[in-house]
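Here is a short tour for anyone who likes to see how strands come together. We begin with one stretch of sheet and then step back to the whole chain.

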Amino acid sequence: MHDNSHILSYLQPAANWNEALPIGNGRLGAMVYGSVENECYSLNEDSLWSGYPMQYTRENAPEAFKKARAMAMQGKYLEAQRLLEQEHTGFWSQVYLCAGDLQLSFHYAQPPENYSRTLDMRTAVHTMRYTVGGVTYTRESFISHPAQCLVIRLTCDKQGALDFSFRLSPALDAALQMEDTALAFEGNAPVCRYHPTVFQGNSKEMTPGQTKAELGMGFYARAEMEQQGGYAIRRGGGIHVFGADSATLYLDIRTSFNGWDQHPVLNGRPYVQPCRDALTAAREKGFDALRAEHIRDHQSLYQAAEMDLGEGLSLPTDQRLYAHEDGKEDNALYALYFHFARYLTIASSREGTQAANLQGIWCDYITPPWNCNYTININAQMNYWPTLQTNLAACHEPLLRLIRELAQSGRETARRWYDAPGTVAHHNTDLWRMSTPVGASIVGCGLYACWNFSMPWLCQHLWDHYQFTGDEAFLRETAFPIMEETAAFCLSQLMENEQGKLIFAPATSPENEYLLEGKVIALSQYSAMNQALMQELFLNLLQAANVLGCSSPVLESAAQALPRLQLFSIGKDGELLEWNENFDEKEIHHRHISHLYGLHPGHSITLDTTPEWAEACKQSLLRRGDESTGWAMGWRINQWARLRDGNHALKLIDDQLKVVEGRKPGCEPYRGGGTYLNLFDAHPPFQIDGNFGACAGMAEMLLQSQEGFLRLLPALPDKWKNGSVRGLRARGGYTVDIVWEKGMLKEAVITADKEGILHLSDGRTFPHKAGQVIRIEA
């Protein structure tokens, strides 16, 4: 286990939020700047959102959708799009909010020496150390999942040399409270209000409520301190400590959130006393016990998988990124990036928490980009691509719960907006599980607002969870009912095209547009993505029914519709067509590659079973190009891995590791997607899905299982001549360790969860018992 594959290190404090380092326990998050004299912990709590449950409706929405369908089938694409934009769009989601800052102040007569700050991902502990006047000061910080609080330990190696103050600064309107050794603030979140009679643009404002029914989320943050030696006094809105040997701070934030469909004030849960109780319990346990408990809990997940690509450069992380751009070899940097994504999963998504949003759980805005919501036309799904592959199934639960709750919300949307059975959701959701279309009647909003296929995509995650874990109870009780409801909605909207094939009309391809007769249009008769999603949904549903031994009218209809679905077409340049006609793309290098869903994350297109379509996907990728937003490069890594071109996949990882802010002195500014100095993915701005997409892509380069068998080292790049990976997971319930030398497999050790037959891509089969270890040698 090489340190430089698991530790982020720096020799200077963070200059901004994108250089601070993240810690979290799934619910509570903090960004640590590591400043010597003015330390800041930027704080978040995963249920601190604006608003409360709301259901937007539009009169005659089903009729508008049917009219638009008829127009699209007549080739009146722009007219159909404008009709949907005017009569079939609603308001935007609510907003994920920043809680505030915990600020620590220190004053020294001399400048610091021997400064360092590190985040050891093996322990999830942030450590900062420096020397002033011959005294060495250390700060250790972590957010404990067992104890549910942030813990900060301040020490020095000279008795009585620790002087500091701390204060809490809320980001929202809140009442401050002060005790002898504790600070707190309490308030209610604002509501992001839209004007229901004005469907003309983004007319929103963040406003406080005047009555209980109008109030937003109640929240309470509390920090308590205990010091060894010295004394503490209250002064100027903070608490000052003088002459201490050491001190420990404990912080927690709680909200009144009581469920996606419950008003957080009228039906809210208690939140002040639970916050106080958690801190009391933590203080009684003490720092050493809390730290040991935290590390055990974290390592139970983190140590389940590891990538080893050899020793790397012994430099701070920012210097390694600069050296990488200069072409210096540092294979361990790839392993560090892989481990960082797994670390972020553990820190942002634990059982019982909310699912990771566009920024995981870390956000320093009151009005963040894209409301820091769940964008479910790619981004939220990408957040969970590596979760099962890299042995973190326990962290998958928040997404599964989001899907279950969204399916409930989507039933009402299907009825009110489409007069249809089943369940539907569009391209955004939030804490309150909004499933209605956004757009607010903005001209042109159809390129994102009219996409209504997030539920079929999310159903792929339900099926994957079963395939990776073999949890039949989950399949029966959760996955199958939602998949069946989603299929019911799709089936209710199918119609024949001129070729007698079944299509979902009208359709868009997320956030992309084409040119027709000099006009920019997003809507068409059908899109390759929606057709692929339906194909895989119906296939997975029928396989699930076979496992469970059940039947229903929906299953019969899906079985009849499946062979009649319109599938893929190939364009004049050999590319996979995105829409029903060979339109010219408005932007040939567009970030989305939605029409290639069947290649990845789907599995209906493969090199062996559908070589013509696979080649068309390759041509599409070459047309779109490599450099894009950070998350879009992450998706492309996975696509090239499925095409078994490891060198191209690695080239995209290199592109994604390009520094976008805080560049090396003398380097030209860079405006594209890439990576911040703290390894956060840059759209820009920060979007966490790019971290997860790249991690999933690296796993795909080393192991694939989507074809019904295991393919070992399918896309190993030339630069990764020697290495190993352990703990990867494969469909069918297998844990896989792989060692390779000189670019060739040396050994694979595969452990089976249950009795069955292991199939390898070379045709070999291995019958096995539950728990049996199978060794594959070169």
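## Strand S33 and its partners

Strand S19 (residues 306-308) and S33 run antiparallel, joined by three bridges. One facing pair here is Asp308 with Ser724 of S33. This is a predicted model, so please read the values below as computed from it.

S33 itself covers residues 723-730, and six of its eight residues are buried, leaving the strand mostly covered. S33 is also antiparallel to strand S34 (residues 734-741), this time through six bridges. Within that pairing, Arg729 has Thr735 in S34 as its bridge partner. Three residues separate S33 from S34 in a hairpin, and Gly732 in the turn shows a positive phi of about 100°.

The two pairings of S33 sit side by side in this table:

| Pair | Bridges | Direction |
|---|---|---|
| S19 and S33 | three bridges | antiparallel |
| S33 and S34 | six bridges | antiparallel |

Now for the wider view. The protein contains 18 helices and 38 strands. Its C-alpha atoms fill a box of roughly 85 × 70 × 55 Å along the principal axes. The radius of gyration is 26 Å, which agrees with a compact globule, because 778 residues would then give a value near 28 Å. Of these 778 residues, 63% count as buried.

What share of the contacts between residues at least 6 apart in sequence joins residues at least 24 apart? That share is 69%.

The protein exposes about 26,900 Å², with 47% supplied by carbon and sulfur atoms. Its side chains include 67 positive and 90 negative ones, and the centres of the two sets lie 1 Å apart.

Conventions
Residues are numbered from 1 along each chain as its sequence is written. This is a predicted model: local features need pLDDT of at least 70, side-chain atom pairs count only at pLDDT 80 or more; totals for chains, interfaces and linings use all residues. Side-chain values use heavy atoms; hydrogens and water are left out. Helices (H or I, at least four residues) and strands (E, at least two) are DSSP runs, numbered from the N terminus. The radius of gyration is taken over C-alpha atoms; the globule rule is 2.2 Å times the number of residues to the power 0.38. Buried means under 20% relative accessible area, exposed over 50%, partly exposed in between (1.4 Å probe, protein chains only). Contact means heavy atoms within 4.5 Å. Accessible areas come from the Shrake-Rupley method with a 1.4 Å probe; for residues, only the protein chains shown count as cover. Lys and Arg count as positive and Asp and Glu as negative; His and the chain ends are not counted. The place of a charge is taken as NZ of Lys, CZ of Arg, CG of Asp or CD of Glu. Two strands pair if DSSP finds at least two bridges between them.
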